[in-house]
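Ready to work through a fold at your own pace? Keep the viewer open and try each exercise before you read its solution.

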Amino acid sequence: MSDFATGDLQNEKPVKTIEDLIAKVRTYFPTADVTLLEKAYQVSERAHDGQIRRSGEPYIFHPLSVAGILADLKLDLASIATGLLHDTVEDTDITLDDIRKDFGDVIALLVDGVTKISLMSFRNTHEKQGENIRKMIVAMGKDVRVILVKLADRLHNMRTLNSMPYEKQALIAQETLDIYAPLAGRMGISSLKIELEDLSFRYYRPDKFYELNQKIQKQEKERYHYIEDVKKLLINEITKAGFKCEVYGRSKHLWSIYRKMLNRNLEFEQISDILAFRVLVENLNECYGVLGHVHSLWRPIPGRFKDFIAMPKNNNYQSLHTTVIGPDAERIEIQIRTQEMHLIAEKGIAAHWKYKEQKNAGQISDQFDWLRDLVNLHQQSGNSDEFLENVKTNLFESEIFVFTPKGEVKEFPEGATPIDFAYSIHTTLGNTCTGARVNGKIVPLKYKLQNGDTVEVMNSKTQHPSKDWLKICVTSKAQGKIRTFVKEEQRKQALIIGKDIIDKEFRKYGLSISRFIKTDEFEKYLKENGLQDLDDLSVKVGYGKLEPKHLVERLAPSSVVSDLQNFGPGGVANDTPTFLSKMVKSAHAKTKSNSLVIVEGLEDVLVHFGRCCHPIPGDAIVAFISRGRGITVHRADCVRAYSMDQERQVEVQWNKSSNLTLSRTTKLMITSSDAPGLLKLMSEAFAVQGVNINNATIRTTKDKKAVCYFDVSVKDASQLNQVIFDLQKIKGIISVERMRQK
């Protein structure tokens with residue numbers, strides 16, 4: 001995706017009235033029947049009457065602005081009407097049936113797709129976020145316009161985010177960077193992606209945003225003259241060579257520059273290629289002709305040329321990118337494309353839109369297969385936390401292009417391995433992959449693919465996926481297939497163990513389970529526990545989630561009473577060898593439950609906290625039954641939690657009524673300039689918030705940076721967030737990150 005856009009949405013005239021909106025629609029659809037828009041506006045205005053936004057303006061300004069952004073993208077009338085109505089079901093008395101009755105099934109589907117889930121209860125905000133994203137993406141599978149409306153909604157919310165409190169701003173900005181900006185990028189809408197990224201940067205790291213913005217502003221006058229001189233030079237030289245062209249130039253956007261500073265561990269002054277120029281020509285052949293002429297003018301930098309015309313990105317982005325040593329020895333990026341390629345780069349999927357009503361208007365185009373893969377993620381993901389992580393992974397921009405032995409091009413994120421490649425071909429090939437031949441040489445599974453590699457998968461019928469594969473693959477498709485295989489294998493093992501346990505338990509009382517499986521009481525027991533059949537029951541017992549003693553007590557209570565009379569309390573029935581019973585016994589033998597957390601359905605259970613992610617009160621958490629260790633609690637976004645057997649998961653939450661003031665340890669990584677006095681300022685920031693430093697490790701880098709690792713004790717996530725915010729305000733600190741295991 002381009003680092004800058006010439007058709008920025010923020011430069012479009014804002015919509016303040018329904019007349020403004022209609023006028024904007026008429027610029028690209030002069031014969032539009034705007035009755036639908038007028039009706040939608042009237043319904044929305046009545047529904048939101050009396051509602052005020054945090055900014056103090058009438059609420060109707062928001063749906064009008066969202067509809068205006070959709071009109072800027074030149075979308076169809078149904079999408080724009082949805083923009084006007086998108087908050088009515090969520091925030092007013094209007095129901096989805098009302099929308100369906102007044103506007104039809106299509107607009108009802110779109111409104112439902114962008115409506116958040118508000119009536120369900122969730123364990124934490126992280127789970128709610130995951131389910132809302134899941135709902136939106138599933139709806140997108142039915143009609144892709146859902147995500148276009150949602151992106152417009154998020155863009156206007158980001159434009160007016162300054163009225164929110166800081167913590168809310170930071171959370172919304174983080175979600176936008178993780179989900180919505182990448183979604184806009186994957187859909188090829190670069191102007192929308194760039195504005196979302198810069199707005200998120202402003203609220204996610206305001207200190208760095210304004211610091212970087214000031215530095216760029218200081219050089220603005222010089223850069224303006226330089227850009228104008230290079231534009232004139234390019235136009236003259238390209239025209240002399242016999243090509244017609246348009247040339248645009250500007251600085252790359254702030255988030256792009258900041259990300260390069262972090263990735264390359266550089267200061268702003270060390271970033272040289274922050275100027276970019278775009279050359280628009282008439283046809284494909286001229287793209288390569290102009291490229292050759294540019295390289296004859298200025299020396300190209302080796303390794304910085306990318307041909308996205310021959311190998312388009314997944315979102316159909318096409319362009320030639322080259323970085324050269326321009327006038328005054330300045331590094332500049334030059335992008336060369338046709339007008340049609342430019343339209344697709346700026347508007348993405350919206351560039352293909354037919355604003356006239358069509359029967360299949362919202363179906364996913366074959367040109368956007370990645371969208372279909374994203375929609376299918378919810379079927380591969382066991383819970384909302386896993387789903388959210390898979391979506392984030394799936395939205396990473398791909399940078400690696402490799403070839404099959406037949407010359408077919410495959411696109412992957414950086415860090416992809418032969419496992420990712422094998423699963424992209426076929427699930428069976430992925431499951432049996434043992435390695436690969438890359439450019440004729442045998443490489444292991446952990447080999448990281450490089451641009452231009454030709455890959456041939458090696459496989460064996462005796463090979464099977466393992467959990468360790470999750471650590472060396474990066475695509476959500478590969479990870480989903482591996483988890484599915486591992487879960488199926490674990491289920492098979494649990495089924496065998498469970499059947500054996502149930503059989504032994506019944507034989508203790510001289511009984512057989514086969515006597516009861518066709519009884520009404522057995523069917524009732526299955527239904528009460530959400531089970532389908534004996535196999536489901538056996539799996540639950542094998543996992544330790546049900547004790548077979550309870551089943552015997554339910555189906556043959558007279559036999560249990562007789563046995564207890566013979567053996568007394570704590571006799572044979574207490575020797576059930578399930579994971580859960582062992583866990584509870586060890587808990588009683590060692591210590592009472594840590595009252596920092598409440599485990600649903602269990603008391604006096606031994607609780608451990610994952611050392612991989614160091615959860616603290618206030619974090620979204622998940623928990624799993626561990627053999628001989630009781631319950632292990634992880635942060636909901638912990639990578640290790642996604643590789644755990646989801647059948648062992650139990651409900652857990654922080655004990656808000658606890659009187660304990662226990663501190664929990666977590667880890668921070670602070671990157672800063674290597675300057676005197678910074679460590680003292682960091683220590684003071686910790687001390688002011690009452691945060692104790694347990695351990696500190698500091699190393700310096702060759703480019704005069706300092707990387708500090710702190711183990712700190714905090715009461716909860718709120719205290720940690722405040723100290724992170726205070727640290728980020730210290731001049732010289734580049735980034736503050738909470739560490740977790742990769």
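Helices (H or I, at least four residues) and strands (E, at least two) are DSSP runs, numbered from the N terminus. On that basis, the chain has 29 helices and 21 strands. This is a predicted model, in which local features need pLDDT of at least 70 and side-chain atom pairs count only at pLDDT 80 or more, while totals for chains, interfaces and linings use all residues. Residues are numbered from 1 along each chain as its sequence is written, and side-chain values use heavy atoms, with hydrogens and water left out.

**Exercise 1.** Work out how α12 and α14 are placed against each other, and which residues meet.

*Solution.*
Step 1: Find helix α12 at residues 206–218 and helix α14 at residues 254–264.
Step 2: Compare their axes, which are lines fitted to C-alpha atoms, for helices over the stretch in contact, with angles from 0 to 180 degrees between N-to-C directions. The two axes come within 11 Å and cross at roughly 105°.
Step 3: Name the arrangement. Angles of 65 to 115 degrees count as roughly perpendicular, and α12 and α14 are therefore roughly perpendicular to each other.
Step 4: List the contacts (heavy atoms within 4.5 Å). Lys208, Phe209, Leu212, Asn213 and Ile216 of α12 meet Leu254, Ile257, Tyr258 and Met261 of α14.

**Exercise 2.** Describe the open sheet that contains β9, and say which strands stand at its edges.

*Solution.*
Step 1: Recall that two strands pair if DSSP finds at least two bridges between them.
Step 2: Read the order of the 3 strands, β10-β9-β11, with antiparallel pairing.
Step 3: Look at the edges. β10 (441–443) and β11 (455–459) each have a single partner strand, so one side of each is left without a neighbour in the sheet.
Step 4: Add the turn: neighbouring strands are at 30° to each other on average, direction ignored.
Step 5: Check one pairing. Strand β9 (residues 433–438) is joined to β11 by 5 bridges, and Ala436 has Val457 as its bridge partner there.

**Exercise 3.** Is strand β14 buried or exposed, and which strands pair with it?

*Solution.*
Step 1: Use the cut-offs: buried is under 20% relative accessible area, exposed over 50%, partly exposed in between (1.4 Å probe, protein chains only).
Step 2: In β14 (residues 621–626), 6 of 6 residues are buried.
Step 3: Split them by direction. Ile621, Ala623 and Ile625 point one way, and Val622, Phe624 and Ser626 the other.
Step 4: Follow the pairing. β14 is antiparallel to β15 (residues 630–635) over 6 bridges, with Ile625 partnering Ile631. β14 is also antiparallel to β16 (residues 649–650) over 2 bridges, where Phe624 stands opposite Gln649.

Key
Angles under 35 degrees count as roughly parallel, over 145 as roughly antiparallel, 65 to 115 as roughly perpendicular and the rest as oblique.
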